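Work through the exercises below with the sequence and the model open. Try each task before you read its solution.

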Amino acid sequence: MSRDPVRAPEDDKAAEARQDRFGRLPEPVRAEDLIEERPAVAPDPARFAYNPDEWLIRYCA
């Protein structure tokens, strides 16, 4: 199915609207704006507290 080679006014308006919206690239983002810096949190002391007899307490008691 071929279209008529003459454009309708609605097509021209739609093409203008597309060109206005998508006709240019957005502003580039600086590399400095891509990095977020946050202070580190203190490590959890219980994270590495290993009790070798804990399994006995959990499963045998």
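**Exercise 1. Helix α1**

Task: Compare the expected span of helix α1 (residues 9–22) with the distance between its end C-alpha atoms.

Solution. This is a predicted model.
- Step 1: Helix α1 has 14 residues.
- Step 2: The expected span is 1.5 Å times one less than the number of residues. For α1 that gives 20 Å.
- Step 3: The end C-alpha atoms of α1 are 20 Å apart, which agrees with the expected span.

**Exercise 2. Burial**

Task: State how many residues of α1 are buried, then look at the whole chain.

Solution.
- Step 1: A buried residue has under 20% relative accessible area.
- Step 2: In α1 the number of buried residues is zero, so the helix lies largely in the open.
- Step 3: The protein chain has 61 residues, and buried ones make up 0% of them.
- Step 4: The chain holds two helices and zero strands. It exposes about 7,000 Å², with carbon and sulfur atoms supplying 55% of that area.

**Exercise 3. A pair in helix α2**

Task: Explain why Arg58 and Glu54 are about one helical turn apart, and describe their contact.

Solution.
- Step 1: Arg58 and Glu54 are four residues apart in helix α2, so about one helical turn separates them.
- Step 2: An α-helix has 3.6 residues a turn, so residues three or four places apart point the same way.
- Step 3: Side chains of opposite charge can pair when their charged atoms come close.
- Step 4: Arg58 and Glu54 form a salt bridge, with their closest N and O atoms 2.7 Å apart.
- Step 5: Arg58 is exposed, at a relative accessible area of 58%. Glu54 is partly exposed, at 31%.

**Exercise 4. Other salt bridges**

Task: Count the salt bridges and describe those of Arg38 and Arg30.

Solution.
- Step 1: The cut-off is 4 Å between a side-chain nitrogen of Lys or Arg and a carboxyl oxygen of Asp or Glu. The count is four salt bridges.
- Step 2: Arg38 meets Glu36 at 3.1 Å, N to O. Arg38 is exposed, at 67% relative accessibility. Glu36 is exposed too, at 61%.
- Step 3: Arg30 meets Glu32 at 4.0 Å, N to O. Both residues are exposed.
- Step 4: A network of salt bridges links Arg30, Glu32 and Asp33.

**Exercise 5. A nonpolar patch**

Task: Name the residues of the nonpolar surface patch and place Ile57.

Solution.
- Step 1: Trp55, Leu56, Ile57 and Tyr59 make the patch, which covers about 500 Å².
- Step 2: Ile57 sits in helix α2, residues 54–60.
- Step 3: Exposed means over 50% relative accessible area. Ile57 has 57%, so Ile57 is exposed.

Notes. Residues are numbered from 1 along each chain as its sequence is written. This is a predicted model: local features need pLDDT of at least 70, side-chain atom pairs count only at pLDDT 80 or more; totals for chains, interfaces and linings use all residues. Side-chain values use heavy atoms; hydrogens and water are left out. Patches are made of residues with over 30% relative accessible area and no salt bridge: like charges are joined within 9 Å, nonpolar side chains (Val, Leu, Ile, Met, Phe, Trp, Tyr) within 5 Å. Accessible areas come from the Shrake-Rupley method with a 1.4 Å probe; for residues, only the protein chains shown count as cover. Buried means under 20% relative accessible area, exposed over 50%, partly exposed in between (1.4 Å probe, protein chains only).
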